[in-house]
Structures are given as structure tokens and as C-alpha cells.
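Here's a short Q&A to read with the model open in your viewer. Let's start at a helix end and work outward.

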Amino acid sequence: MDGCSLNLSISALACALAQGRSNDEISLLAVFFTQLGDSLETIAAANEICCNNNGNKSNNINTA
């Protein structure tokens, strides 16, 4: 998927999630997904630094 398609998909999802919700609920969803993205970025950075794995999932710090 190219960048424009991804952007459009995310925007459509945001509109669908916001439909019928109050501004407070929309704000809560926004901070939830912001924190989720930040947490995922932290995991990716930690994997890169701690494991020096260059995307190799077998050495991730959070292997399950």
C-alpha cells in the first residue's frame, strides 16, 4: 500500500470511529491511539538498540 492509500484509509477509519461519538469520546480515542503509537515506537526502538536485530523478530525483547 502506498502512502496516499494508507493516509486515506486511516482518515476513513477516523471518520468511522468518530461517527456518533461526543467530542470527549473522540478526544479519548485520539489520546488512546497516540499512546498506542508511542508505545509501539518505544518497543521498536528498544528492539533496535537492545537486540541490534535490524527487524529480525527472533531477537525481540518482547518475544512471545
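Q: Which residue follows helix 2, and what is its phi near?
A: Keep in mind that this is a predicted model. Helix 2 is followed by Asn52. The phi of Asn52 is positive, near 45°.

Q: How far apart are the end C-alpha atoms of helix 2?
A: Helix 2 has 29 residues, and at 1.5 Å a residue they should span 42 Å. The model agrees with that, since the end C-alpha atoms are 41 Å apart.

Q: How many helices and strands does the protein chain have?
A: Helix 2 takes up residues 23-51, and helix 1 covers 3-18. Strands come to zero, and the helix count for the protein chain is two.

Q: Which element gives the most to the lining of the largest pocket?
A: That pocket holds about 200 Å³ of space. Its lining includes Ile10, Leu13, Ile26 and Phe33. Helix 1 and helix 2 are the elements that give two or more residues to it. With five residues, the top contributor is helix 1.

Q: Is Phe33 buried, partly exposed or exposed?
A: Phe33 sits in helix 2 and helps line the largest pocket. Buried needs under 20% relative accessible area and exposed needs over 50%. Phe33 comes in at 41%, so the label is partly exposed.

Q: About how much accessible area does the nonpolar patch with Phe33 have together?
A: Phe33 shares this surface patch with Phe32, Leu36, Leu40 and Ile43. Together their accessible area is about 460 Å².

Q: What share of the protein chain's residues counts as buried?
A: The protein chain exposes about 5300 Å², with carbon and sulfur atoms supplying 60% of it. Of its 64 residues, the buried share is 6%.

Technical notes: Residues are numbered from 1 along each chain as its sequence is written. This is a predicted model: local features need pLDDT of at least 70, side-chain atom pairs count only at pLDDT 80 or more; totals for chains, interfaces and linings use all residues. Side-chain values use heavy atoms; hydrogens and water are left out. Patches are made of residues with over 30% relative accessible area and no salt bridge: like charges are joined within 9 Å, nonpolar side chains (Val, Leu, Ile, Met, Phe, Trp, Tyr) within 5 Å. Accessible areas come from the Shrake-Rupley method with a 1.4 Å probe; for residues, only the protein chains shown count as cover. A salt bridge is a side-chain nitrogen of Lys or Arg within 4 Å of a carboxyl oxygen of Asp or Glu. Helices (H or I, at least four residues) and strands (E, at least two) are DSSP runs, numbered from the N terminus. Buried means under 20% relative accessible area, exposed over 50%, partly exposed in between (1.4 Å probe, protein chains only). The expected span of a helix is 1.5 Å times one less than its number of residues. On a 1 Å grid over the protein atoms alone, a cavity is a set of points where a 1.4 Å probe fits but cannot get out, and a pocket is an open set with protein on both sides within 12 Å along at least five of seven lines; lining residues have an atom within 4 Å of a point. Grid points are joined across faces, edges and corners, and a volume is the space filled by probe spheres set on the points.
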